[in-house]
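The following exercises are intended for a reader who meets this structure for the first time. Please examine the sequence and the model before turning to the solutions.

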Amino acid sequence: MVPMGHDRSLAVGEESVEILHPHWKTLVGPIAAAFVVVAALLVGEALIPGGKWAVIGRLAMAVVAIALLMWWLMVPLLMWRTTVYEVTTRRMRLRDGIFTRNGRDIPLSRITDVSFRKGVLDRLLGAGTLVVESAGEHGELALTDIPNVERISSLLFQLVEDERTHTDRQGTDATRPNPTRFDAGD
């Protein structure tokens with residue numbers, strides 16, 4: 001279990017089991033793009049000849065570089081940071097969004113199948129796609145770039161089975177007569 005303070009968004013008796021962000025590989029492209037932007041800025045600085053327009057040219061290049069870094073690096077970094085997959089003892093919670101927040105909760109009792117897919121690069125990096133099928137109108141949900149996808153798939157499967165066992169046990173107890181109950185006529 002993940003040690004945390006009490007999360008007010010969890011139901012009574014619900015505990016967080018695993019909290020994940022997308023795999024770090026999603027940031028490789030934006031970080032590479034940032035290096036290219038900085039390298040282009042440095043080359044541009046060296047190629048701008050001295051003169052009265054040099055300061056304006058350098059300033060314009062710096063503004064363009066900052067705008068590109070914000071768009072190509074900061075936005076993906078914020079998207080990665082604000083995308084959260086949480087598995088609790090009762091549901092799977094999905095949260096994302098930088099300025100606006102989107103959320104989706106899938107009760108474990110509605111999950112009908114859990115599987116995963118891993119390509120060659122995913123196998124090397126320890127990531128993959130988690131596929132969760134649930135009863136209802138949304139059907140299949142594919143979550144890409146999940147770190148340790150095999151372990152998460154197994155964990156989710158075990159929690160779904162535990163939920164089913166718990167639900168079946170409650171259903172059996174509800175139909176069983178209570179031997180300590182007395183009728184008023186006794």
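Three exercises on this predicted model follow, each with a worked solution.

**Exercise 1. Describe the open sheet that contains strands 5, 6 and 7.**

Solution. Begin with the order of the strands: the open sheet has three of them, arranged 5-6-7 with antiparallel pairing. Next, identify the edges, which are strand 5 (111–117) and strand 7 (140–147), as each pairs on one side only. From one strand to the next, the twist averages 20°. Then consider one pair in detail: strand 5 and strand 6 (residues 127–134) run antiparallel and are joined by six bridges. One position to locate is Asp113, whose bridge partner in strand 6 is Glu133.

**Exercise 2. Characterise the largest pocket by its volume and its lining.**

Solution. The volume of the largest pocket is about 170 Å³. Its lining includes Pro22, Leu27, Met79, Trp80, Asp96 and Ile98. Sorted by class, the lining holds six nonpolar, four polar and one charged residues. Finally, trace the lining to its elements: helix 2 (residues 54–82) supplies the largest share, four residues.

**Exercise 3. Which strand gives the most to the lining of the largest cavity?**

Solution. First, count the cavities of 30 Å³ or more: there is one. The space in the largest cavity is about 30 Å³. Among the residues that line this cavity are Tyr85, Glu86, Val87, Leu143 and Ile146. Strand 2 (84–88) and strand 7 are the elements that give two or more residues to the lining. Of the elements, strand 2 gives the most, with three residues. By class, the lining of the largest cavity has eight nonpolar, no polar and one charged.

Notes
Residues are numbered from 1 along each chain as its sequence is written. This is a predicted model: local features need pLDDT of at least 70, side-chain atom pairs count only at pLDDT 80 or more; totals for chains, interfaces and linings use all residues. Side-chain values use heavy atoms; hydrogens and water are left out. Two strands pair if DSSP finds at least two bridges between them. Axes are lines fitted to C-alpha atoms, for helices over the stretch in contact, and angles run from 0 to 180 degrees between N-to-C directions. On a 1 Å grid over the protein atoms alone, a cavity is a set of points where a 1.4 Å probe fits but cannot get out, and a pocket is an open set with protein on both sides within 12 Å along at least five of seven lines; lining residues have an atom within 4 Å of a point. Grid points are joined across faces, edges and corners, and a volume is the space filled by probe spheres set on the points. Ala, Val, Leu, Ile, Met, Phe, Trp, Tyr, Cys and Pro count as nonpolar, Asp, Glu, Lys and Arg as charged, and the others, Gly among them, as polar.
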